[in-house]
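Thanks for making room for me this morning. I would like to walk through one chain with you, starting with its overall layout and then moving inward to particular side chains.

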Amino acid sequence: MYTLGVKREFIARHFLIGGDWGSENFPNSHHYILELQLKGRELDPHGYLVDIVDVEQHLDEVVNYYKEQMLNDKPEFAGLNPSIENFSRILCTTLNEKIKAKNIYAIKVVLWENESAWTSYKLKRES
């Protein structure tokens with residue numbers, strides 16, 4: 001089994017809703033670190049799990065969409081608390097739709113909100 005990981009850092013803003021979260025109830029920024037992991041059993045004819053240039057293009061597109069933005073204002077967060085858990089799921093499902101490599105059987109996003117707090121979300125693809 002092979003795993004390819006690609007990482008990006010970006011800053012985005014949010015405020016939490018639906019509870020008393022202290023200072024997190026007010027607009028604030030986080031320096032996010034997003035690690036994308038792609039898993040597969042077979043390499044392609046060139047000896048790659050997936051074309052890393054293609055993966056990086058999709059990852060940059062997604063990161064640039066959120067970079068320096070207020071998460072609460074994005075339509076995918078409508079009715080949702082912009083928690084790190086919801087954010088990691090949204091990132092993972094979005095990247096899963098964009099990355100078309102057929103030999104990938106799982107995709108995982110690990111999202112760090114700061115140096116001590118992270119969450120992850122993993123999707124398995126149909127075989």
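If we read along the sequence, the elements follow the pattern β-β-α-α-β-β, which gives the chain 2 helices and 4 strands. Please keep in mind throughout that what you see is a predicted model. The C-alpha atoms fill a box of roughly 50 × 30 × 25 Å when it is taken along the principal axes, and the accessible surface of the chain comes to about 7400 Å², with 50% of that belonging to carbon and sulfur atoms. Of the 127 residues, 42% count as buried. As for how the chain is connected, among contacts between residues at least 6 apart in sequence, 64% join residues at least 24 apart.

Let me turn to the interior. The largest nonpolar core has 30 residues, and those with the most contacts inside it are Leu-34, Leu-36, Leu-38, Tyr-66 and Phe-87. Which elements give two or more residues to this core? They are the strands β1 (2-14) and β2 (28-40), the helices α1 (52-66) and α2 (84-98), and the strand β3 (104-112). The largest share, 6 residues, comes from α2.

Tyr-66 deserves a moment of its own. If we set aside residues up to four places away in sequence, Tyr-66 touches Phe-10, Ile-11 and Ala-12, then Leu-71, Lys-74, Glu-76 and Phe-77, and finally Phe-87, Ile-90 and Leu-91.

Several of these names return when we look at the aromatic side chains. A search of the whole structure finds 7 aromatic pairs. In one of them, the rings of Phe-10 and Phe-87 have their centres 6.1 Å apart and their planes at 85°, so this pair is edge-to-face. The pair links distant parts of the chain, with Phe-10 in strand β1 and Phe-87 in helix α2, 77 residues apart. Are these two residues buried or exposed? Phe-10 is buried, and Phe-87 is buried as well.

Phe-87 also pairs with Phe-77, and that pair is again edge-to-face, at 5.7 Å centre to centre with 65° between the planes. Here the separation in sequence is 10 residues, and because Phe-77 lies in the loop between α1 and α2 while Phe-87 lies in helix α2, the pair ties those parts together. Phe-77, like Phe-87, is buried. Taking a wider view, Phe-10, Tyr-32, Tyr-65, Tyr-66, Phe-77 and Phe-87 form one aromatic cluster.

Two aromatic rings also have a charged side chain over them. Lys-74 lies over the face of Tyr-65, at 3.8 Å from the ring centre, and the charged end of Arg-41 sits over the ring of Tyr-105, 4.1 Å from its centre.

Next, I would ask you to find His-14, which is placed in strand β1. Its relative accessibility is 1%, and since buried means under 20%, His-14 counts as buried. What does the side chain of His-14 make a polar contact with? The partner is the side chain of His-30, at 3.1 Å. Leaving aside neighbours within four places in sequence, His-14 is in contact with a long list of residues, including Glu-24, Phe-26, Pro-27 and Asn-28, as well as Tyr-32, Met-70, Leu-71 and Glu-113.

Finally, let me come out to the surface, beginning with the loop between α1 and α2. Ala-78 has its place in this loop, and at 60% relative accessibility Ala-78 counts as exposed. Ala-78 and Gly-40 are 38 residues apart in sequence, and their C-alpha atoms are 33 Å apart in space. Glu-68 lies in the loop between α1 and α2 too, and is exposed, with a relative accessible area of 53%. I would draw your attention to its backbone, since Glu-68 has a positive phi of about 60° although it is not a glycine.

The last residue on my list is Lys-102, in the loop between α2 and β3. Lys-102 is exposed, with a relative accessible area of 82%. The C-alpha atoms of Lys-102 and Glu-42 are separated by 9.9 Å, with their positions 60 residues apart along the chain.

Key
Residues numbered from 1 in each chain as written. Predicted model: local features only at pLDDT ≥ 70, side-chain atom pairs only at ≥ 80, totals over all residues. Heavy atoms only, no water. Core = buried A, V, L, I, M, F, W, Y, C linked by side-chain atoms within 4.5 Å. Buried < 20%, exposed > 50% of the residue type's maximum accessible area, 1.4 Å probe, protein only. Contact = heavy atoms within 4.5 Å. Phe/Tyr/Trp six-rings, centres within 6.5 Å; stacked < 30°, edge-to-face > 60°. Lys NZ or Arg CZ within 6 Å of the ring centre and 35° of its normal. Polar contact = N/O pair within 3.5 Å; in protein donor to acceptor, adjacent residues only side chain to side chain. Areas by Shrake-Rupley, 256 points an atom, 1.4 Å probe, with all protein chains shown as cover.
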